[in-house]
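Trainee: I would be grateful for a close look at a single part of this protein. Could you take me through the pocket, and then set it in the context of the chain around it?

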Amino acid sequence: MRSRSGVGRPVALLAGLAWAALAAPLAGQATHYRFTPVSVPGALATYASGINDSGQIAGTFADSVDDYHGFLYSGGSYTTIDVMHAETEANSIDNAGQVVGQWGDPRAGDGSHTFLYDAGALTLIDRPGGVNTEGRGINDLGQIVGSTENPVTNIGHGFLYDAGLFTPVDVPGSIYTIAIDINNSGQIVGQYTADNTIFHAFLRSGGALTLLDVPGATSTFASGIDDAGRIVGSFETSSGLSRGFLYDAGVFTPFDAPGAAETAILGINGAGQLVGAYSTSPGLLSRIQVYSFVATPTTTPEPAPLALLATGLGVLGVVSRRRRRSA
């Protein structure tokens, strides 16, 4: 799990260090955002991956000895989420504050297992007959999506977990499908690969499958969907760099954090707030200066970007996994 996950302890949201960026669209009207850094004091890295309508944030950080922990940020309080004293990654949060993610002990050669965190109580979930069961997204109905592997073929399958039952979520022709997020209408987004090299995003809505590729991108990764059907994620350019995107009403809008060399958008809430990560140097997924943020839509442009006061952060292994399979 070291190669693909990360985790959290008390985290600090550095409010007050706000700046703005203008997302340059492929089509449509640009939107202004106010950015607020997210950083765990003393951590080697902080990775914000989910936000609900109340502004609660779920994510992962690496501590001073590079062990990973999940975290929940809520109203100024910071809660660590650790499962079985193993490396833990928090991926998504619903409006009731329930957090879904995965855990495992790489030192023991253990694979990944899904957990549901609810007000301090943990429920452990594994798909029967599968290995590396990873919970990625949750909606307000308690439905969970994620991925698991066949232990014989090593083919990866997405899943929908609802009321104790697992339902496959697969893209035809894929050798690895990952379901990443689900909204309250049951729409599911994720990504798949047919060759473990190029990735494509997808939307499953009411049984219909729509494939989503940013025009000109070499790979596209979907990371979140809200109840309005807006989709966020990231894509790779021909030069191998990552940019975030917002997909709304058929239009892809690239999204770059101010001063970023690379950006990944990982979650969106009903107010259109975004959470994600960026690097000031090329190599977002290569352990180089990664920062996390909340981006809040504004009606008017903000002043010029402020100098970043956060310290440089190393990229978590979970970022590498998201790059390989799904960030």
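Mentor: What follows is an account of the pocket, then of the chain, its salt bridges and a patch on its surface. Please keep in mind that the model is predicted.

The largest pocket has a volume of about 360 Å³. Its lining comprises 31 residues, and those closest to the centre are Ile51, Ile93, Asp181, Ile225 and Ile268. Two or more lining residues come from each of strand 4 (45-51), strand 8 (87-93), strand 12 (131-138), strand 16 (176-182), strand 20 (219-225) and strand 24 (262-268). By character, the lining of this pocket divides into 15 polar residues, eight nonpolar and eight charged.

The chain around the pocket has 327 residues, of which 55% are buried. Its secondary structure consists of 26 strands and one helix. The area that the chain exposes is about 12300 Å², with carbon and sulfur atoms supplying 54% of it.

Next, the salt bridges, of which there are three. One joins Glu134 to Arg136, with 2.9 Å between the closest N and O atoms. Both Glu134 and Arg136 are buried.

Another salt bridge brings together the side chains of Asp226 and Arg230, at 2.6 Å from N to O. Asp226 counts as buried because its relative accessibility is 4%, and the cut-off for buried is under 20%.

The remaining pair to describe is Arg243 and Asp256, whose closest N and O atoms are 2.6 Å apart. This salt bridge links distant parts of the chain: Arg243 belongs to strand 22 (residues 242-248), whereas Asp256 lies in the loop between strand 23 (251-255) and strand 24, and the two are 13 residues apart. Arg243 has a relative accessibility of 25% and therefore counts as partly exposed. Asp256, at 28% relative accessibility, also counts as partly exposed. Both values fall in the range between the cut-offs, under 20% for buried and over 50% for exposed.

Finally, the surface carries a nonpolar patch formed by Met84, Leu122 and Leu124, which together have about 280 Å² of accessible area. Leu124 is located in strand 11 (residues 121-125). With a relative accessible area of 41%, Leu124 is partly exposed; this residue can therefore belong to a patch, since patch members need over 30% relative accessible area.

Conventions. Residues numbered from 1 in each chain as written. Predicted model: local features only at pLDDT ≥ 70, side-chain atom pairs only at ≥ 80, totals over all residues. Heavy atoms only, no water. Patch = residues over 30% accessible without salt bridge, like charges linked within 9 Å, V, L, I, M, F, W, Y side chains within 5 Å. Areas by Shrake-Rupley, 256 points an atom, 1.4 Å probe, with all protein chains shown as cover. Salt bridge = Lys/Arg side-chain N within 4 Å of Asp/Glu carboxyl O. Helix = DSSP H or I, 4+ residues; strand = E, 2+ residues; numbered from the N terminus. Buried < 20%, exposed > 50% of the residue type's maximum accessible area, 1.4 Å probe, protein only. 1 Å grid on protein atoms, 1.4 Å probe; cavity = no way out; pocket = protein on both sides within 12 Å on 5 of 7 lines; lining within 4 Å. Points joined across faces, edges and corners; volume = space filled by probe spheres on them. Nonpolar A, V, L, I, M, F, W, Y, C, P; charged D, E, K, R; others polar.
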